[in-house]
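Ready for a short tour? Open your viewer, keep the selection tool at hand, and follow along one stop at a time.

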Amino acid sequence: MGYPHEPHPKETVLLSKYFGEQQTRTYDGWVERGGYKTLKMALSMDRQHIIDEVKESGLRGRGGAGFPAGVKWNFMPKERSGPHYLCCNADESEPGTFKDREIMRWTPHALIEGCAITQYAIQAEVCYIYIRGEFTEAIGIMERALAEAYDHGVLGQNAMGSGHQIDMFVHRGAGAYICGEETALMNSIEGKRGNPRIKPPFPATRGLFGMPTTINNVETLAAVPHIIERGSSWYKALSLSNPKSTGTKLFSVCGQVQKPGNYEVVMGFPLKELIYDLCGGMHRGRTLKACIPGGSSVPILNRDEAEACLLDYEGAQQVGTMLGSGGVIVFDDSADMVYQIMQLTHFYAHESCAQCTQCREGTAWITRILRRILAGEGESGDLGLLLELSEHLTGRTICPLADSCAAPVVSGINKFRDEFEAYIKGAKPATAAAV
Amino acid sequence: MHQKTEYQPVFTGDQRRKLDEILTRYPNKQAALLPALWMVQDTHGWISQAAMAEVAEVLDLTAAHVEGVATFYTMFHKHPVGEHFIQVCTTSPCNVCGAEDVVAAFLQHTGCDELGATSPDGKFTVLEVECLGACGFATPVLIDDDFIDGVTPDMVPELVARYR
Ligand SMILES: Cc1cc2nc3c(=O)[nH]c(=O)nc-3n(C[C@H](O)[C@H](O)[C@H](O)COP(=O)(O)O)c2cc1C
Ligand code: FES
């Protein structure tokens, strides 16, 4: 990690190696640390070879879906019949997730290098880095770094003297979680409301401005230079449990732990060690009650499941959840799960783009029922109703925001049913928040 | 919202040149809509109907399209707000770390009666917002363009004084 804590010996720091170092933010500081050498090398490599290396490395998308990056790049047309685009997804709005912010704040040039290599590989002359509007500091740092990169000829018509055009711009969002969804993000760049598009067509066929487009998360793109520099076999070997999950991953740990922050570990690292060793465990006198390991859109784990969970795509699945974005939210025994789940459904209700009826109405309705339960006015059929509504939110909308709202509700009721029932029976649970 | 003073156009002189530079980044004018709305808000503090009309004009869009977009994004103010706009994250991860106490402290020390209302001196507006993407640094607060990590209720009086 490096910021705000020193790296823990059990971490494997690639992306977070320079977190906390002011000098890395500058072009000179980056070059002193070996920066832009890999880009220079990549610009003389065969494009397909770069794509194959990334495919071979096993790198999977870090934005939430875990789709293999090299496979995605391969969908891009090999013959250009017009502009291609790369969009770097820096919308980072999934509750529990704050890793992309740190990559941009501390190592902006690492992201520029990763984007530039990717642009070259997929023949995209232009990349838009879509940063959520609230990230004012990260936006300023990225803009300064881009200006420096242009000044030093890293970017532009003749990037690093290679004869290739590589342009990169920051596009500032304006407060909409949904714009992290890749097709909504493209609409937002196009100057439209951030409504997700129906797929197909997929972005590689018809994406931004109707042209072939690849969208990748900040962390995915920042990992690319490491793979090109040290080779796919090296990266692939970074895997503690399942060979389908490779490399390092930044886990943003937040909520009720001693030392919240970003921890970079090799895929397959036990969640238990992350919480109890790296994060210093629970607050004094408190015990672990629940954990959401992949950002708020994935099912909640109870203590036993969390302590058995291995942090990779398959390990998360094995305990009934998903790795998602790697935002680890920790709750201790003082947390009121009903209240916290209501907070989360409120988030989705607020952030629904309102395009699909099920999502617009369902997320708001679920939130109202939860509020009623919290107010001591719950009825015996409410839990059944919540589960039924959640069913209607799953797999029936243009994008999975609605599914994300259902995840904490269904898993919450299944795992913490007694807390819900206590409210409904009129006996506030011991953990009840003052509403 | 009734405007007493005449609307001052944003896109003249340097601001016009800045917009022209931004336009070179995109293959069409519409794509500069979010950047243009940001420029308006940075200048006037909010985005009025007159401002939307100006943006529509310079980008060759309909006023209806501009309004549809401006109202979609929560960071664009469609009404005037206090001189300093305070956004506190209260989503679950920050909530369990005491974000609601931070909100209460801001309301108390700014003199705002309620969330979204502007303080009587016109200085502050306080809002609860969804996850600010800094959950490990609870509670993050955005005051205008200043992103402040790890705010606790006891830090609030000094913060408010700094902006007052
Ligand atoms: C509602 C919603 C919000 C999303 N938010 C983000 C986000 O903030 N950042 C991100 O990288 N991906 C987000 N995604 C995932 C993107 O759609 C997309 O899968 C990702 O950017 C692809 O990059 P990757 O393959 O490198 O992960 C979101 C998806 C959905 C459905
Ligand atoms: S929940 Fe508060 S910043 Fe994410």
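## A helix across a sheet

Begin by selecting residues 156–163 of chain B: this is helix α7, which lies across β1, β2, β3 and β4 of chain B and runs at about 170° to β4(B). Keep in mind as you look around that this is a predicted model.

Now zoom out to see chain B as a whole. Its C-alpha trace spans about 50 × 35 × 25 Å along its principal axes. How many helices and strands does chain B have? There are 7 helices and 4 strands. If you trace chain B along the sequence, you meet them in the pattern α-α-α-α-β-α-α-β-β-β-α.

**Next stop: the sheet of chain B.** Hide the helices for a moment and show the strands. In what order do the 4 strands of chain B sit in the sheet? The order is β2-β1-β3-β4, in an open sheet with mixed pairing. Select residues 124–129 and then 146–148 of chain B to find the edge strands, β2 and β4, each of which pairs on one side only. Look along the sheet, too: neighbouring strands are turned by 20° against each other on average, ignoring direction.

A little background helps here. Strands of a sheet pair through backbone hydrogen bonds, and the pairing can be parallel or antiparallel. For an example of the antiparallel kind, select strand β1 (residues 84–89) and strand β3 (residues 141–143) of chain B, which pair over 3 bridges. Within β1 and β3, pick out B:Gln87 and you will find B:Leu142 of β3(B) standing opposite.

**Last stop: ligand 1.** Move over to ligand 1 and show the 18 residues around it. Which of them come nearest? They are A:Gly63, A:Asn89, A:Asn216, A:Asn217 and A:Thr220. Now colour the shell by class: you should get 4 nonpolar, 8 polar and 6 charged residues. Select residues 213–217 of chain A as well, since this is strand β4, and the largest share of the shell, 3 residues, comes from there.

Finally, try the distance tool on the oxygen atoms of ligand 1:

- A:Lys72 has a polar side-chain atom 3.0 Å from an oxygen atom of ligand 1.
- A:Glu92 has a polar backbone atom 3.1 Å from an oxygen atom of the ligand.
- A:Glu182 places a backbone N or O atom 3.0 Å from a ligand oxygen atom.

Switch on the surface to finish: ligand 1 on its own has 620 Å² of accessible area, and the protein covers 90% of that.

Note on methods: Residues numbered from 1 in each chain as written. Chains lettered and ligands numbered in written order. Predicted model: local features only at pLDDT ≥ 70, side-chain atom pairs only at ≥ 80, totals over all residues. Heavy atoms only, no water. Near = heavy atom within 4 Å. Polar contact = N/O pair within 3.5 Å; in protein donor to acceptor, adjacent residues only side chain to side chain. Areas by Shrake-Rupley, 256 points an atom, 1.4 Å probe, with all protein chains shown as cover. Helix = DSSP H or I, 4+ residues; strand = E, 2+ residues; numbered from the N terminus. Nonpolar A, V, L, I, M, F, W, Y, C, P; charged D, E, K, R; others polar. Pairing = 2+ DSSP bridges. Axes fitted to C-alpha atoms, helices over the stretch in contact; angles between N-to-C directions. Contact = heavy atoms within 4.5 Å.
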